[in-house]
Amino acid sequence: MTTMGRGKFKGKPTGQRRFSSAAEILAGTSAARPRSFKQKEAEYEEDIEEVSEEESEEEESEDESDVKKKGHEALIEVDNPNRAKPKTLKARDLDASKTTELSRREREELEKQRAHERYMRLQEQGKTEQARKDLDRLALIRQQREEAAKKREEEKAARDAKKVDARK
């Protein structure tokens with residue numbers, strides 16, 4: 001009797017995996033960590049205690065003792081603007097004289113509006129190049145219209161004179 005071969009694939013290895021428990025990890029007996037890791041971890045914990053003592057003195061002076069730091073934050077100063085919770089200010093605490101800085105886009109928009117207003121003021125006074133051209137063109141048109149009006153009056157007077165002559 002021959003045993004059946006399992007073929008090329010020998011089933012899923014998930015049944016053979018072994019995960020370390022939290023107790024094993026803390027004790028340092030898990031298979032995933034090398035033995036030298038225990039020594040490094042002990043030195044690391046001593047460093048953390050020294051750093052945490054220094055930080056506890058700093059935190060008392062900065063009133064940040066209510067915020068508990070997680071993970072590597074205890075060792076490294078992390079400045080993540082998305083993580084910081086905005087402090088709510090009451091209306092009476094706001095400083096009315098303090099002006100807020102505008103963003104680049106807002107500043108550019110304001111400058112654009114001011115430049116346009118300045119240009120329109122100069123335009124009304126006739127000091128810009130375009131205003132001078134417009135005024136010259138307007139003067140030319142007025143002159144042409146006056147000449148045309150005189151010509152029409154002369155033609156009308158001539159027609160009236162012809163009518164009067166024709167009646168006689």
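Which residue forms a salt bridge with Arg137, and how far apart are the closest N and O atoms? The partner is Asp134, and the closest N and O atoms of the two residues are 3.0 Å apart. The structure is a predicted model, in which local features need pLDDT of at least 70 and side-chain atom pairs count only at pLDDT 80 or more, whereas totals for chains, interfaces and linings use all residues. Residues are numbered from 1 along each chain as its sequence is written, and side-chain values use heavy atoms, with hydrogens and water left out.

**Overall architecture**

- The protein chain has 4 helices and 0 strands, where helices (H or I, at least four residues) and strands (E, at least two) are DSSP runs numbered from the N terminus.
- Read from the N terminus on, the order of elements is α-α-α-α.
- Of the 168 residues of the protein chain, 5% count as buried, a class that means under 20% relative accessible area, with exposed set at over 50% and partly exposed in between (1.4 Å probe, protein chains only).

**Helix H3 and the residue after it**

- For the 22 residues of H3, a rise of 1.5 Å a residue gives an expected span of 32 Å, which agrees with the 32 Å between its end C-alpha atoms; the expected span is defined as 1.5 Å times one less than the number of residues.
- Gly126, just after H3, takes a positive phi of about 80°.

**Salt bridges**

- A search of the whole structure finds 2 salt bridges, each defined as a side-chain nitrogen of Lys or Arg within 4 Å of a carboxyl oxygen of Asp or Glu.
- In one of them, the side chains of Arg104 and Glu108 meet at 3.2 Å, N to O; these residues are 4 apart in helix H3 (residues 104-125), and so are separated by about one helical turn.
- Both members of that pair are partly exposed, Arg104 with a relative accessible area of 49% and Glu108 with 40%.
- Arg137 and Asp134, the pair raised at the start, both lie in helix H4 (residues 129-167), 3 residues apart, which is about one turn of the helix.
- Arg137 counts as partly exposed at 46% relative accessibility, and Asp134 likewise counts as partly exposed at 31%.

**Surface patches**

- Patches are made of residues with over 30% relative accessible area and no salt bridge, like charges being joined within 9 Å and nonpolar side chains (Val, Leu, Ile, Met, Phe, Trp, Tyr) within 5 Å.
- A negative patch is formed by Glu43, Glu45, Glu46, Asp47, Glu49 and Glu50; among them, Asp47 lies in helix H2 and is partly exposed, with a relative accessible area of 42%.
- A positive patch consists of Lys156, Arg159, Lys163 and Arg167, of which Lys156 has its place in helix H4.
- Tyr44, Leu75 and Ile76 form a nonpolar patch with about 280 Å² of accessible area together, the areas coming from the Shrake-Rupley method with a 1.4 Å probe.
- Within this nonpolar patch, Tyr44 is found in helix H2 (residues 36-62) and is partly exposed, with a relative accessible area of 42%.

Notes:
Lys and Arg count as positive and Asp and Glu as negative; His and the chain ends are not counted. The place of a charge is taken as NZ of Lys, CZ of Arg, CG of Asp or CD of Glu.
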